[in-house]
Amino acid sequence: MSRTPELDVPVQIVLNRDAGAPTLADQIAAQLRASICGGALRTGDRLPAIRLLAARLAVARATVDAAYGQLIAEGYLDAKPGAGTRVAGRLPEDALLLRSRGEGSQRPPEPRAARGLTERAQQVAAVASVLLPQQPVPLAVVCPSDELAPGKAWTRIAARLARTPWRHGGYAPPHGFMPLREAVADYARRFRGVVCEPEQVVITAGTQQGIALCAQLLFERGDPVWIEDPCYSLLAASVAFNGVRAIPVPVDGEGLDVAAGVAIAPDARGAFVSPSHQYPLGMAMPMARRLALLDWAREADRWIIEDDYDSELRYEGRPFPSLQGLDAGGEAVIYLGTFSKMLFPGLRLGYAIVPRALVEAFAGARLLADRHSSESQQAVLAEYMREGHYETHIRRIRTVFQKRREVLLEECEAQLSAFGAVIPGDQGMHLVFRFAADLPDVEITRRVRSAGVEVRPLSPFYRQAAPLKGFMLGFGGFAPESIRAAVGAIRRELDAAVKPSAKSRSG
Ligand SMILES: Cc1ncc(COP(=O)(O)O)c(C=O)c1O
């Protein structure tokens with residue numbers, strides 16, 4: 001059904017009927033003129049029919065007729081038989097002048113930026129350009145593709161549930177869809193050694209949201225909290241944005257250096273760590289260091305937030321069990337998991353596994369942030385996990401990734417060994433190639449990207465002066481030939497980067 005065009009016109013007319021006020025026709029004309037000058041009414045917009053506007057304003061038709069007549073005479077309106085009354089195609093010069101100056105009663109508001117952004121807004125605006133998504137070209141870390149997709153089982157379940165979308169279309173519990181919480185608890189217990197019940201699982205919109213909720217809920221504003229240096233850039237930004245004082249603690253060959261943390265910030269109230277696969281460097285935290293970290297947390301009721309983003313992918317031996325599982329009911333650890341890496345990041349589903357006493361706080365904060373994740377997507381995932389496809393999918397991609405990782409390792413060795421070496425590790429979806437010399441990794445990344453290859457420079461992940469320069473190289477999404485060609489392109493850019501300095505040394 002077509003809408004009545006007259007009612008589409010955004011005219012707000014307020015009449016002053018006091019004795020001594022201008023005539024009603026003059027008031028109507030003045031307000032329509034201002035709407036035209038202010039841009040609320042535009043060329044070609046159709047005005048309400050006289051009879052309708054008169055009824056709406058409770059005035060005589062002759063009053064509206066007089067107002068329209070005045071504006072037609074001034075050149076603001078055109079009236080054609082059969083086409084009604086419309087804003088004129090060519091406005092009088094003074095209307096255009098007023099519009100360009102933003103004058104008129106409906107002038108557009110002054111841009112916010114001109115009034116000054118708050119410090120928080122400026123801080124977070126700067127984050128919008130941090131860690132932009134990578135292009136889906138080699139060697140992006142995450143690159144969803146048909147080949148690595150969750151498969152026919154996913155599409156079958158999604159298609160079945162899509163037939164009755166309203167069944168999952170109401171407001172849903174902020175804790176998450178119970179069958180998904182059950183599936184996650186079961187998976188995390190069996191695969192990651194997490195000690196939990198389904199009631200402790202809070203479904204999130206990915207680890208990023210889990211990090212924000214932890215920063216908001218576990219600490220007082222300004223509390224010092226350790227973060228790894230280097231670490232995931234959006235973790236550092238989120239923690240700071242959510243009011244926590246992030247204290248960078250160096251990472252050594254065993255992950256976060258607990259003794260260094262104690263020396264730097266003994267009063268810290270907690271720590272954000274990636275113990276199973278340090279991000280971005282890639283090492284796993286050995287048992288002694290894990291126990292030291294847990295002791296530190298327990299001795300003063302501190303929190304550990306464990307970011308376990310891709311440790312399903314361990315290629316030599318079984319994955320390290322989670323730190324949460326080592327805590328043996330101590331309830332010092334919040335475990336954050338994500339489906340971004342094993343499935344695809346656009347799903348925006350992850351989970352926080354939290355001590356019972358925190359469940360309602362997490363759910364409440366989630367409710368206030370965005371209510372809940374899409375229940376339809378949660379239902380698809382719950383069914384996919386319940387039928388066992390998630391585990392099959394992980395096994396499948398692990399086999400594919402393992403071969404590709406070997407290719408990347410061989411190519412780095414064959415083509416890049418003059419420039420540095422891969423940091424040892426046996427997990428995940430990326431390798432870190434560290435430069436032997438102090439080369440400008442950000443600058444070289446720019447050139448590598450213009451050659452059609454995605455890498456991430458290492459130095460921006462450091463909070464303090466970067467002791468290492470290099471690249472993160474993803475391998476999961478690409479066939480061996482593409483990996484080979486991409487490493488070749490990187491070699492050419494590294495060659496070009498070192499040549500001028502070689503020349504200047506010899507000259
Ligand atoms: C170490 C680390 N933590 C957290 C995240 C955020 O993941 P999500 O997509 O679940 O928000 C990522 C994503 O790349 C990551 O690499």
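In this predicted model, the charged end of Arg-371 sits right over the ring of Tyr-171, 3.8 Å from its centre. A second arrangement of this kind involves Arg-120: its charged end sits over the ring of Phe-241, at 4.2 Å from the ring centre.

Turning to rings that pair with other rings, a search of the whole structure picks up 16 aromatic pairs. One of them joins Phe-219 and Phe-272, whose ring centres are 6.4 Å apart; the planes meet at 50 degrees, so this pair counts as tilted. Phe-219 sits in the loop between helix H10 (207-218) and strand S4 (224-229), while Phe-272 belongs to strand S7 (residues 270-273), so the contact ties together parts that are 53 residues apart in sequence. Phe-219 and Phe-272 are both buried.

Phe-435 and Phe-471 make another pair, this time with 5.0 Å between the ring centres and the planes at 90 degrees, so the geometry is edge-to-face. Here the link runs from strand to strand: Phe-435 lies in strand S12 (residues 430-435) and Phe-471 in strand S14 (residues 470-474), so parts that are 36 residues apart in sequence are tied together. As for exposure, Phe-435 has 5% relative accessibility and therefore counts as buried, the cut-off being under 20%. Phe-471 is buried too, with a relative accessible area of 1%.

Aromatic rings also gather in a bigger group than a pair: Tyr-187, Phe-191, Tyr-335, Phe-339, Tyr-351 and Tyr-390 form one aromatic cluster.

Note on methods: Residues are numbered from 1 along each chain as its sequence is written. This is a predicted model: local features need pLDDT of at least 70, side-chain atom pairs count only at pLDDT 80 or more; totals for chains, interfaces and linings use all residues. Side-chain values use heavy atoms; hydrogens and water are left out. Rings of Phe, Tyr and Trp (its six-membered ring) pair if their centres lie within 6.5 Å; planes under 30 degrees apart count as stacked, over 60 as edge-to-face and the rest as tilted. Helices (H or I, at least four residues) and strands (E, at least two) are DSSP runs, numbered from the N terminus. Buried means under 20% relative accessible area, exposed over 50%, partly exposed in between (1.4 Å probe, protein chains only). A charge sits over a ring if NZ of Lys or CZ of Arg is within 6 Å of the ring centre and within 35 degrees of the ring normal.
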